[in-house]
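Please read the following report alongside the sequence and the coordinates shown here. It takes up the aromatic contacts and then the sheet with its helices.

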Amino acid sequence: RTAPHCRSTPGDLIEVKCGVYKHWIVYIGEDNVVHFGGIGESSLQGTIKKEKLKDVVKDGKWKINNFLDQKYQPRKDDDIVKEACARVGSSLTYDVLGYNCEHFATELRYGKPECRQVDKNHKALHKNKNVKNINKRLKKIITKYRKNEKK
């Protein structure tokens, strides 16, 4: 059940480094992944896509990262893959704080949408009380993500 090219097991979460941002994808087998991406320029409407791992990762650094396995019991691999495939082609509203690619991936694996990237930003927000700087950072992240999606 392990793919020869990436050594992932279906249902694994894969973290792809995109500058300061990390894109999260779910491995479904045979070097295929499902992820929440394709955000348009004029809106934050995104699409659930099924693609080859190499096409999503490109030349970026990536790793298997099932970071919540200590906190939650992962769902069965088959259930993760079935739900991921069933959601391919669906359209969702991308919300940096409320529901992004990491929320999507963790929801598939654990049944609970969580995002460490958002938690870090929330902690910084409460610690620094500087909403404008946080919002500027988030806008930069979205802009950079959109540019990477075009490549």
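## Aromatic pairs

In this predicted model, the structure holds five aromatic pairs. In one of them, the ring centres of F36 and Y94 lie 5.6 Å apart with their planes at 45°, and because planes count as stacked under 30 degrees and as edge-to-face over 60, the pair is classed as tilted. F36 belongs to strand 3 whereas Y94 sits in the loop between strand 6 and helix 3, so this pair ties together parts that are 58 residues apart in sequence. Both residues, F36 and Y94, are buried.

The rings of Y72 and Y110 give another tilted pair, since their centres are 6.1 Å apart and their planes stand at 50°. This pair, too, links distant parts of the chain, with Y72 in the loop between strand 5 and helix 2 and Y110 in helix 3, 38 residues apart. Y72 and Y110 are both buried.

## Cluster and charge over a ring

Which residues form one aromatic cluster? The members are F36, Y94, Y99 and F104, so that F36 and Y94, whose rings make a tilted pair, are both part of this cluster.

Elsewhere, a charged side chain is placed over an aromatic ring: R116 lies over the face of F67, at 4.1 Å from the ring centre.

## The sheet

Six strands make up an open sheet, in which the order is 5-1-2-3-4-6 and the pairing is antiparallel. Strand 5 (62-64) and strand 6 (91-93) are the edge strands, and because each has a single partner strand, one side of each is left without a neighbour in the sheet. From one strand to the next, the twist averages 30°.

At one of these edges, strand 5 pairs with strand 1 (residues 13-18) in the antiparallel sense over three bridges. Within strand 5, W62 is the residue that stands opposite V16.

## Helices on the sheet

Helix 2 (residues 77-87) packs on the sheet, where it touches strand 2 (21-29), strand 3 (32-37), strand 4 (45-52) and strand 6, and the direction of helix 2 makes about 110° with that of strand 2.

Helix 3 (residues 101-110) also packs on the sheet, touching strand 1, strand 2, strand 3, strand 4 and strand 6, with its direction at about 35° to that of strand 2. Helix 3 is also the element that contains Y110, the partner of Y72 in the pair described above.

How values were computed
Residues are numbered from 1 along each chain as its sequence is written. This is a predicted model: local features need pLDDT of at least 70, side-chain atom pairs count only at pLDDT 80 or more; totals for chains, interfaces and linings use all residues. Side-chain values use heavy atoms; hydrogens and water are left out. Two strands pair if DSSP finds at least two bridges between them. Helices (H or I, at least four residues) and strands (E, at least two) are DSSP runs, numbered from the N terminus. Axes are lines fitted to C-alpha atoms, for helices over the stretch in contact, and angles run from 0 to 180 degrees between N-to-C directions. Contact means heavy atoms within 4.5 Å. Rings of Phe, Tyr and Trp (its six-membered ring) pair if their centres lie within 6.5 Å; planes under 30 degrees apart count as stacked, over 60 as edge-to-face and the rest as tilted. Buried means under 20% relative accessible area, exposed over 50%, partly exposed in between (1.4 Å probe, protein chains only). A charge sits over a ring if NZ of Lys or CZ of Arg is within 6 Å of the ring centre and within 35 degrees of the ring normal.
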